[in-house]
Amino acid sequence: EAVSDDVDEFMKISRALAELKVEQLRDPRGGYEVLNQALEVDPHDADTRLSAGHLAEKLGFAAEADSHFLGAAEAETPDQRQRAHLEYAHVLQKRGDTTQAKGQVELILAENPDHIPALQLLAELLASGRRWKGVVRVFRRLFELETGPVSQAERALGIGEIFARVYRDPRRAAGWFKRAVEVDPGRARSIWRLLEEVERLPEGSVPAAHIDDAVDRAIVAHHARFAEQPLHYSTLRSLYRLHGRRGDDDARLLVGQALVWLGLAEGKVRDDIVERVGLTDVQLKRPLTRELRYTSLELAAERNTAR
């Protein structure tokens, strides 16, 4: 056991020395020699094999890189094997060899069907070959596996875009965009893509309550973001559009005034608000206080809730 510990420490030091040669001394060949010498001591060290594989690839030694990655993939533990297959798959993808890259990914998924990084790479490889049904299938699986709202929304948006742009199916696209709103309502792109696809459908195809629910979720999330970042232009701009879509003119007016006073309103928005409120040039130049910003948006939120 003591000998094993000594070998492990030697391999770690060798990897550190190789990294020093590459990063600090700009000597990748020297670093590669250090790793190869270390592998003579322990040819089965997966971490060193992977380091050598990446360095060999960088130096243009493709055959040697292949040998190192395949050697690392023979590691004893599943985690090490899967890591080796995944890193090798990324290298093969960069070479343009998507078939071999997909083969490496499939080896991972055969051992661990829920391996999220492998599924993510598989989706990229399938998309590069325009195999959209496969991409949708993988994205659906990732949507089920991933727990973070940002990641889930990305998957739902991805599926929605495939149905919208590839299959020209606005109904199914709208369904997935609504899912994206449900898991991450603060992402403006989701609600706008939902509304765009709904407009392509015959009137009444999607229950109005479903659309109102999505818009309301987005409004609440944008108000929460505004409370954290009162000067965030895109949040205010989205709120202006969302309240308009909801038909809440009072809330829309308050948000529009905030945009104008903060000097963030686009020409059309500015002209509309100025005309409706009758603001003078002096008033337009007066800064909107932090308190008034909060008050305006709180009133807008209250009015929306009361609807």
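Is Arg26 buried or exposed? Select Arg26 and show the surface: this residue is exposed, with a relative accessible area of 64%. Keep in mind throughout that you are looking at a predicted model.

**Stop 1: two arginines in loops**

Stay on Arg26, which sits in the loop between α1 (2–23) and α2. Check the backbone here, since Arg26 has a positive phi of about 50 degrees although it is not a glycine. For background, most residues other than glycine have a negative phi.

Now jump to Arg130, in the loop between α7 (116–128) and α8 (132–145). Arg130 is another non-glycine with a positive phi, about 55 degrees in this case. Its relative accessible area is 63%, so Arg130 counts as exposed.

**Stop 2: helix α2 and an aromatic pair**

Select residues 28–41, which make up helix α2. The helix has 14 residues, and its first and last C-alpha atoms are 21 Å apart, close to the 20 Å expected at 1.5 Å a residue. Colour its buried residues next: Gly30, Gly31, Tyr32, Val34, Leu35, Ala38 and Leu39.

Which aromatic residue does Tyr32 pair with? Add Phe61 to the selection: the two rings form a tilted pair, 5.9 Å centre to centre, with 45 degrees between the planes. The pair links distant parts of the chain, as Phe61 is 29 residues away from Tyr32, in the loop between α3 (46–59) and α4 (62–72). The partners also differ in burial: Tyr32 is buried at 5% relative accessible area, whereas Phe61 is partly exposed at 24%.

There are four aromatic pairs in the structure. For another one, go to Phe163 and Tyr167, whose ring centres are 6.0 Å apart; the planes meet at 45 degrees, so this pair is tilted. Phe163 is buried, with a relative accessible area of 4%, while Tyr167 is partly exposed at 35%.

**Stop 3: helix α5**

Select residues 78–95, helix α5. How far apart are its end C-alpha atoms? They are 26 Å apart, which agrees with the 26 Å that 18 residues should span at 1.5 Å a residue.

Show side chains for the buried residues of α5: Gln82, Ala84, His85, Leu86, Glu87, Tyr88, Ala89, Val91 and Leu92. These buried residues pack against α3, α4, α6 (98–111) and α7, so bring those helices into view as well.

Pick out Gln82 from that set. Gln82 is buried, with a relative accessible area of 6%. Leaving aside its neighbours within four places in sequence, Gln82 is in contact with Ile108, Glu111, Asn112 and His115. Before you move on, click Gly96, just after α5, which takes a positive phi of about 95 degrees.

**Stop 4: α10 against α12**

Show α10 (residues 170–183) together with α12. The axes come within 9 Å and cross at roughly 35 degrees, and the crossing is left-handed. To see the contact, select Lys178, Val181 and Glu182 on α10, then His210, Asp213, Ala214 and Arg217 on α12.

Two other places are worth a click. Arg179 lies over the face of Trp176, at 4.1 Å from the ring centre. Phe226 is in helix α12, which runs through residues 208–228; Phe226 is buried, at 2% relative accessibility. Draw a distance from its C-alpha to that of Leu239, 13 residues apart along the chain, and you should get 9.3 Å.

**Stop 5: α11 against α13**

Finish with α11 (residues 188–199) and α13 (residues 233–246). Their axes are 11 Å apart and the helices pack at an angle of about 35 degrees; this crossing is left-handed too. The contact is made by Ala188, Ile191, Trp192 and Leu195 from α11, and by Ser238, Arg241, Leu242 and Arg245 from α13.

Which charged residue sits over the ring of Trp192? Zoom in on Arg241, whose charged end sits over that ring, 3.7 Å from its centre. Trp192 and Arg241 are both among the residues that make the contact between α11 and α13, so leave them as sticks for a last look.

Terms used: Residues numbered from 1 in each chain as written. Predicted model: local features only at pLDDT ≥ 70, side-chain atom pairs only at ≥ 80, totals over all residues. Heavy atoms only, no water. Phe/Tyr/Trp six-rings, centres within 6.5 Å; stacked < 30°, edge-to-face > 60°. Helix = DSSP H or I, 4+ residues; strand = E, 2+ residues; numbered from the N terminus. Buried < 20%, exposed > 50% of the residue type's maximum accessible area, 1.4 Å probe, protein only. Lys NZ or Arg CZ within 6 Å of the ring centre and 35° of its normal. Expected span 1.5 Å × (residues − 1). Contact = heavy atoms within 4.5 Å. Axes fitted to C-alpha atoms, helices over the stretch in contact; angles between N-to-C directions. Left-handed = near helix turned anticlockwise from the far one by under 90°.
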